[in-house]
Number of protein chains: 2
Amino acid sequence: MSEFPSFPYLPLGPLPMDASGNRRFRIWAPSVKKLQLALLTADRPRVHEMKQEGDGYLLSEPLTVPAGTRYGYYRNGKHDKLYPDPASRYQPEGVHGPSEVIDLETVGTTDWRGRGLAGGAIYELHVGTFTPEGTFRAATDRLDYLQDLGVNILEIMPLNQTPGDRNWGYDGVLPFALFRAYGRPEDLRDFIKAAHGRGIAVLIDVIYNHLGPEGNYLPKFFPVFTEQHHTPWGSAINFDDRQADGVRNYWLQNVRLWLEEYGADGLRIDAVHAIKDYSAEHFLESLSTVADEIGQRQNREMILIAECDLNAPRYILPRERGGYGMSGQWVDEFHHALHAVVTGESRGYYEDFGQVEHLAKALRDGYVYTGQYSPHRQRNFGVPPRSDLFPAQFVVFLQNHDQVGNRMIGDRLSENIPEDKYLLAAATYLLSPFTPLIFMGEEYGERNRFPYFVHHGDDGLIEAVRRGRAAEFAAFQHEGHTVPDPQAKETFQSAKLSWEKNARVAELYRTALHLRAAAPTDYTFADISVDQAGTLITWTVAGSPYLHCANFGDAALTVEVPGRILLQTNGATRTDRHLHLPAWGFATLATQ
Amino acid sequence: MSEFPSFPYLPLGPLPMDASGNRRFRIWAPSVKKLQLALLTADRPRVHEMKQEGDGYLLSEPLTVPAGTRYGYYRNGKHDKLYPDPASRYQPEGVHGPSEVIDLETVGTTDWRGRGLAGGAIYELHVGTFTPEGTFRAATDRLDYLQDLGVNILEIMPLNQTPGDRNWGYDGVLPFALFRAYGRPEDLRDFIKAAHGRGIAVLIDVIYNHLGPEGNYLPKFFPVFTEQHHTPWGSAINFDDRQADGVRNYWLQNVRLWLEEYGADGLRIDAVHAIKDYSAEHFLESLSTVADEIGQRQNREMILIAECDLNAPRYILPRERGGYGMSGQWVDEFHHALHAVVTGESRGYYEDFGQVEHLAKALRDGYVYTGQYSPHRQRNFGVPPRSDLFPAQFVVFLQNHDQVGNRMIGDRLSENIPEDKYLLAAATYLLSPFTPLIFMGEEYGERNRFPYFVHHGDDGLIEAVRRGRAAEFAAFQHEGHTVPDPQAKETFQSAKLSWEKNARVAELYRTALHLRAAAPTDYTFADISVDQAGTLITWTVAGSPYLHCANFGDAALTVEVPGRILLQTNGATRTDRHLHLPAWGFATLATQ
């Protein structure tokens with residue numbers, strides 16, 4: 001009814017050019033009384049008054065502004081400080097500098113139809129360390145390799161502009177601006193097109209639960225934080241407090257940026273449990289609604305993956321069944337169960353794992369804790385996955401940027417466990433009924449570490465990050481390692497892939513991924529059994545031609561199973577009706 | 001699997017007697033190293049060591065302890081302070097004194113089958129002010145009156161033990177102990193049985209989101225609060241932090257107390273938005289599961305009503321459709337829309353209401369804001385009620401303890417608006433498709449106010465409550481009223497019903513409730529129309545024989561409608577095919 005207007009959700013930043021070649025600029029800035037757009041043309045800044053559009057939005061007159069023009073905003077008539085556009089697409093001089101007007105073709109006209117999670121295999125990469133050059137262009141040259149490897153979904157670590165020129169990406173403060181160290185927006189657009197050309201979908205890792213500690217000017221324009229909720233990183237993003245709509249719009253326009261302007265196929269959404277929202281419609285429901293609308297309009301399938309360790313199916317149930325509509329979620333517990341069994345680590349959250357039975361539970365349900373008591377959390381935890389979920393919604397991994405990089409020295413599993421265990425662990429998760437996610441380099445046994453690195457500009461902050469990192473690992477330092485300096489350029493350089501391949505590891509990954517692709521089995525949860533000795537896990541999936549046998553024990557085993565060997569590690573062999581599995585050996589058999 | 005034990009949920013307090021006439025005592029006290037049960041027998045306290053049962057539970061030996069015995073606990077070997085049992089059923093000397101062992105028959109054997117919300121009419125009462133005596137026994141004598149009035153569900157304001165002898169009930173600190181000023185546990189049990197004998201269900205108002213400011217000894221025994229979340233009343237109850245299971249069990253045993261031990265038919269759950277819980281299973285899901293299990297075991301229908309103003313259907317959807325499984329919810333917005341139209345008030349949250357169109361929206365959807373911009377909240381608010389909800393799930397009211405008592409002087413609507421508007425407003429909500437809730441006394445135009453009252457024992461706290469109350473209403477005091485002293489006994493006395501009846505009001509309520517009972521219409525949302533002048537709302541419900549016409553304007557109207565008048569206010573009449581509705585008049589017509 002007309003008496004009940006709603007807060008309008010509108011595009012932000014430099015808007016597309018109109019037929020006369022002019023464009024307007026829009027910003028949501030309810031915290032500012034008076035705002036001026038400053039265009040940094042060759043001779044001198046041209047200043048234009050922004051006009052109130054209602055609901056805290058301000059709009060410029062139509063202006064002739066070609067792509068490439070640098071610009072910013074003056075607040076309240078003061079010209080001593082030029083602020084970047086909160087919706088800046090590019091920051092050629094970094095987070096503290098002016099913004100640049102960008103024109104991107106949209107990919108709505110592409111033939112690429114996208115792909116869902118079913119039958120998917122994900123590859124997580126960090127652009128800055130994936131190649132020696134650390135750019136989209138260099139990464140594009142590796143797409144043939146990735147296609148041959150057998151992955152069909154890329155998950156790119158965050159691309160937003162952070163302080164400095166090197167960062168994991170989670171310190172972003174301008175979520176619409178492409179990290180300039182990786183190249184220009186056109187490069188990402190071309191990278192995505194090139195991936196599509198090889199049947200590979202591209203997901204962008206986005207952070208909607210916090211903002212970085214340096215260069216965050218958003219609070220100068222709008223109430224991006226609320227004091228109603230808190231997160232491990234401080235004030236929570238304002239999703240349900242006063243003026244939350246403009247904040248929600250800001251992030252939903254960010255969804256549109258990646259999916260519509262760049263043509264990406266979905267998002268990996270960081271730490272959704274820290275998106276605190278008591279609205280009737282949770283922000284993730286709004287997000288999945290927007291993504292679905294874009295997908296329907298473009299006849300493409302979008303993928304939304306939540307990073308979530310609550311063991312709560314609500315996040316990945318469809319909206320019409322009371323869920324938030326995420327396509328899938330990361331399952332940390334699967335990792336922990338697998339990691340603890342092959343490494344024997346038992347510190348921190350690994351205290352909740354360590355038995356083969358934990359791993360069998362993970363292979364069966366995805367979640368390990370489905371209502372049982374978690375000693376680490378000191379409470380009953382989780383609920384069972386509902387029967388109306390499908391296993392492809394569970395994204396599992398042997399490693400990921402966090403599980404490697406959040407270790408003190410960023411050591412990869414390849415340097416910590418013998419090759420036989422590495423191959424066994426890899427085969428187990430790659431051939432689970434779930435969607436595997438490979439962290440760049442693990443597929444060939446990369447040995448270069450992936451330590452935490454930043455490039456802040458504020459001395460106090462740099463020191464605080466160093467101290468925080470050292471304190472976090474104080475208990476580990478007596479073991480002969482020291483924490484790499486997060487701020488040092490060498491730390492970043494040391495994280496780059498060497499591309500020195502272990503042939504056995506590379507062969508296993510390629511074979512396993514091609515076996516998966518030949519018979520996708522992620523529509524049904526697996527039928528799991530553990531032998532009496534408690535070391536052999538076997539599983540199969542209804543409708544699948546494969547039987548997988550994994551020996552997590554120090555003794556070789558001989559078991560009577562049907563079928564011929566399609567894949568094996570560590571010298572598994574077959575005689576007559578028997579499979580001989582060496583200690584820590586794995587075999588996949590064809591049973592049909 | 002056996003390797004994954006769960007934290008056990010166990011009954012608390014003095015357990016029922018075994019066959020040999022002995023009983024054990026159980027307490028969950030993980031924060032205490034050593035605990036002694038002290039039985040206060042005639043000669044001297046008998047002290048028994050409590051033994052660890054596991055998971056923080058402690059259990060006594062089987063002891064011969066008759067009902068009526070007073071007892072308490074000594075912490076860590078110190079006998080200078082006797083603590084009441086956190087699960088005490090009765091505190092004969094108040095919150096700071098010893099507990100008393102109570103035996104209650106359960107009502108599992110009753111023939112009463114309970115009733116759902118459909119076809120229901122609720123009456124909210126505060127035991128202490130409902131009768132001059134302020135007891136359950138005195139309230140029992142009024143059940144015939146209530147049955148004749150036509151209500152079939154009672155909602156009793158909180159019954160837990162608060163400090164002192166008078167309190168609204170929301171300062172409770174011993175949620176299992178029956179407020180001693182109202183009588184003994186047997187009296188409540190008998191009151192509920194007597195209500196059932198008249199076909200009247202009884203709901204207990206429970207507070208699971210905070211504890212009162214005086215006499216809360218629970219933190220001496222277990223981590224009842226968490227610092228992870230906050231509420232308007234301070235630290236949040238610990239529903240999802242470490243050791244949350246014992247806290248959840250504590251409240252779920254409280255659910256069992258009212259429904260199983262006392263035989264009540266359901267609960268009204270205070271301020272559920274302040275139950276902060278990021279568990280995979282929200283506490284309200286656990287609560288509704290427990291209530292449903294009791295109902296199934298006893299072949300009774302349980303009613304759970306959430307106090308919730310989030311306009312979020314999630315709370316009242318069934319668990320299998322992603323909801324929390326509440327039967328219904330209070331709908332404050334319906335009240336605000338109705339109140340604003342008949343009073344013209346526009347301060348505070350009333351700024352969001354005031355037009356007849358708001359009220360028509362409330363009559364249509366229950367919620368007024370279903371995604372539109374709420375000026376008071378400064379954001380788009382709510383979502384539409386889903387088509388798979390039914391209107392009986394929406395509990396609406398013209399007044400309730402909060403809407404009256406949270407006003408500065410506790411003034412009822414009867415003293416603030418002319419009788420014609422009072423009758424119109426009453427008929428509108430009583431004959432809406434929703435479940436009406438009557439606040440005691442409004443059904444006959446009670447004029448005694450219902451001011452806020454407490455009876456604390458701590459001078460600092462008493463002064464703080466006085467100052468808080470005065471500050472809250474500072475802006476209103478220039479209007480010639482002063483805030484009644486919440487601590488004064490006279491304030492409590494002044495809140496007691498006078499039972500002086502306005503015959504016209506009483507007749508309207510009785511007639512409207514009997515019309516409702518004759519043709520329950522709360523399965524379908526209403527078909528609403530508003531006339532061109534914007535003052536006349538008419539509504540009907542599919543399958544109902546009634547057409548309701550309500551004139552919210554200062555001008556009399558004549559409209560052509562079919563049917564004969566069944567109920568009218570303010571002199572509505574009928575000639576030929578026309579209904580003549582006076583200003584602020586109401587009529588219900590029989591159309592079949």
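Me: Before we start, where do the domain bounds in this predicted model come from?
Reply: This is a predicted model. Its domain bounds come from an automatic or database domain assignment. In chain A that gives domain 1 (135-150 + 182-193 + 201-211 + 220-457 + 484-518) and domain 2 (527-590).

Me: How many Å apart do the C-alpha centres of domain 1 and domain 2 of chain A lie?
Reply: Domain 2 of chain A covers 527-590. Between its C-alpha centre and that of domain 1 of chain A, the separation is 29 Å.

Me: Which elements give two or more residues to the side of domain 1 of chain A that touches domain 2 of chain A?
Reply: The contact draws 19 residues from domain 1 of chain A and 19 residues from domain 2 of chain A. On the domain 1 side, the residues are 13 nonpolar, 2 polar and 4 charged. The elements giving two or more are α8 (356-365), α10 (419-430) and α13 (503-518) of chain A.

Me: Over in chain B, at roughly what angle do the axes of α5 and α6 cross?
Reply: Residues of α5(B), including B:Leu252 and B:Val255, meet residues of α6(B), among them B:Phe283 and B:Val290. By class, this contact has 8 nonpolar, 1 polar and 3 charged residues. The crossing is right-handed, and the axes come within 10 Å and cross at roughly 35°.

Me: And which elements of chain A give two or more residues to the side that touches chain B?
Reply: Here 34 residues of chain A are in contact with 34 residues of chain B. The chain A side splits into 12 nonpolar, 12 polar and 10 charged. The elements you're after are α5 (244-261), α8 and β20 (379-380) of chain A.

Methods: Residues are numbered from 1 along each chain as its sequence is written. Chains are lettered from A and ligands numbered from 1 in the order in which they are written. This is a predicted model: local features need pLDDT of at least 70, side-chain atom pairs count only at pLDDT 80 or more; totals for chains, interfaces and linings use all residues. Two residues are in contact if their C-beta atoms, placed from the backbone, lie within 7 Å. Helices (H or I, at least four residues) and strands (E, at least two) are DSSP runs, numbered from the N terminus. Ala, Val, Leu, Ile, Met, Phe, Trp, Tyr, Cys and Pro count as nonpolar, Asp, Glu, Lys and Arg as charged, and the others, Gly among them, as polar. Axes are lines fitted to C-alpha atoms, for helices over the stretch in contact, and angles run from 0 to 180 degrees between N-to-C directions. A crossing is left-handed if the near helix is turned anticlockwise from the far one by less than a right angle, and right-handed if clockwise.
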